[in-house]
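Reader: I am new to this structure and would like to learn how to read some of its features. Could you take me through them one at a time?

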Amino acid sequence: MKLLKNQKLAARISTLTSIITIAGMLLLWCIVAQSASATVKTNVTNQMTDAVKSRAAIINNYVSSAEEHMSAFALSSEVRNLLRDPQNPDLVRQAQQYTEDFASVKGIFEGLYIASPETCVLTHTSEGAVGMVTRPGDSLAPFRDTILAEPRLTNLGIMKSPGTGAMILSMYYPIFENEQCIGYVGAGVFAGTLMDSLLELNIHGLPNSEYVFINAETGVYLYHENEELLNTETTDPGYQEIMRRIQSSGTTEPGTYSYRDENGVKQFVVYQYLADRNWIFMVRDNTGEVYRVVAEIRITVGLICAAVTLLIILCLVGMMRRVGQNLITVESAIEQLGRLELAADQGLSTLYDRDDEIGSIARTTHALCERLRLTIDDIGRILGEMADGNIAVDVTCGESYYIGDFQVLAKSLGTIRSKLLQLTRNIVQVSNRVTGEADEVSESSVSLMQGIQTQEASVTRLTENAEDIVVQIRSNTENCSSAQNLADQAALYTAEADQAMSRMTSAMDNIAHSSEEIEKITLVIENIAFQTNLLALNAAIEAARAGDSGKGFAVVADRVRTLAAESAEAAKDTADLINRSIQDIHAGMEATEQAADIMRTIGECTGSIKEQMHGIADASMRQSDMITQVGKEIEEISLVVQNNSTAVNQSAGSLQNLSEQAKELNQLVGQFQID
């Protein structure tokens, strides 16, 4: 885009049109080629799909017919009678004749025979094969386990006959009786006629297409154009992938698949699964051959689009070259006109007779240059006379030159003339008034000077008072600092007293606990005294019973009772004293707690006083700073007052000069002609 921006209009139009044309043709080629490709691909795919369907139907019909004939032969009474009694010569003769007659009537069998479970041939269309064993040795067991295991027909697909070398369909049908295999029927159905009919159905445009039959389960070739591959397992990666897909989905609908074969050549395959026989029928061809028509269509459409694009570009370049030359001439004239060179239309005379846009631009440019010349000449006349002092010049004689938006210029010139006249008259009047008012202002300046001097004296006194206030505030700040230190000491002493009260409260708690322990001991002593008293009483009773021999013991018992009573009394007195001590301790603890609460309250009050003293000290510092700031501002006011005084003095001189200049202005304005 930056490259196009720096080019001429004609070149840009040619370039953009060429780019658009090329892009359009490319898009058209892509659309047509894509549409043609899709159509051809669809047609080719449909042809191959139809071919696969038709050939699959032919194969299915042919094989189904052969299997029906095979089943009819196997289920006949002659076959079953012979297998029941294979040693009976009459039954052997009848079965041999039936085998030959059946094969000759149907005409599709390369070989038809009846065999025992040991694969010994009992009858055959070729008499030389009678008595042969087809599966000798180790091959018999797998044959019995697979083909002879169930009473159903087995089709092994197309193979080469070991006797004649012809292509045949190998079929087997076991015969069961009482769930036991008593023999089987084997046949080789001619497949050459089938293959010939299939190969005659060539697909239009695909003469090299390849037909393949594969067993879907084992991957063995049932048919291939290369006879060496018959009955061998396929190694083609595409065929193996198709087998995997069919084993996964089991669909019988035709499908397509593209891949690269073992040689790196891209192949296209259409296939169909014959589920009844577990076969896959495929048609394969080189992708380049399949889509050769697509490539030809793309090349043809591309050549046509390229030719049309080249023709359009050549015509466009020739036309735009001529237009570009004329545009360059017009561009040069417009550039000169942009520099207000009014002779810009001299080179456009050859374009006036054109009826297109270029001719219109040339004629318009000529008319514009002519009109500008007339307008500028008239403006020069008006401004020249105004420069000579004739403000009352006539501005209406050339009004016809101002057309379109230039009419605003004509009106503006008239308005400027009127306003200049009015302005000149106003300047004369104002000049006269300025002269008178300058004298009055000069007198007022003297009074203003006196007031400013009074302000200077007041500001000086205010500055001195502010300095005194600053000294007093600093003294208050120092006193607050001393009081704050005292409050800190009081708070420290209060904290120490609070700790002492806490220790005393703890000691009182310990005393109370010890008193409770003593009370428990006293109770034990009372209990011992009570028990001792009981024992003394019992001893006295026993001494009385003992008579004279117990008198001494009675005296001792009486003394023990007396001591027990005295111990009980002493324990009671001790308990009373302890109870009173505990009451006194509780009272002391309450008093101690109250004292601790009072000390905490005092500590809190001391803390509050400390915080307030801090606040007062901070406020005093802020006030000191504020008064200092006020002092600075007063100094600034004093400076402003001094500056005002200087300015008033200067204004007085300026007013005197203004008065003199107003007189000179009156003399200058008098030079203009305003009437």
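Author: Keep in mind that this is a predicted model. Let us begin with accessibility: I19 has a relative accessible area of 46% and is partly exposed, because that class lies between the buried limit of under 20% and the exposed limit of over 50%. I19 is placed in helix 2, which covers residues 9–74, and together with L16 and I20 it makes a nonpolar surface patch of about 280 Å².

Reader: Is T119 buried or exposed, by the reading you have just used?

Author: T119 counts as buried, because its relative accessibility is 0% and the limit for that class is under 20%. T119 is found in the loop between strand 1 (109–115) and strand 2 (121–124), and its phi is near 65°, a positive value in a residue other than glycine.

Reader: Where is E179 placed, and what is its phi?

Author: E179 sits in the loop between strand 4 (167–177) and strand 5 (180–190), and, although it is not a glycine, it has a positive phi of about 60°. With a relative accessible area of 79%, E179 is exposed, because that class begins over 50%.

Reader: How many residues line the second largest pocket, and which of them lie nearest its centre?

Author: The second largest pocket, which holds about 470 Å³ of space, is lined by 19 residues, and T154, N155, L156, N215 and R277 lie nearest its centre. Strand 3 (residues 154–160) gives the most to this lining, with 4 residues, while by class the lining has 7 nonpolar, 7 polar and 5 charged residues.

Methods:
Residues numbered from 1 in each chain as written. Predicted model: local features only at pLDDT ≥ 70, side-chain atom pairs only at ≥ 80, totals over all residues. Heavy atoms only, no water. 1 Å grid on protein atoms, 1.4 Å probe; cavity = no way out; pocket = protein on both sides within 12 Å on 5 of 7 lines; lining within 4 Å. Points joined across faces, edges and corners; volume = space filled by probe spheres on them. Helix = DSSP H or I, 4+ residues; strand = E, 2+ residues; numbered from the N terminus. Nonpolar A, V, L, I, M, F, W, Y, C, P; charged D, E, K, R; others polar. Patch = residues over 30% accessible without salt bridge, like charges linked within 9 Å, V, L, I, M, F, W, Y side chains within 5 Å. Areas by Shrake-Rupley, 256 points an atom, 1.4 Å probe, with all protein chains shown as cover. Salt bridge = Lys/Arg side-chain N within 4 Å of Asp/Glu carboxyl O. Buried < 20%, exposed > 50% of the residue type's maximum accessible area, 1.4 Å probe, protein only.
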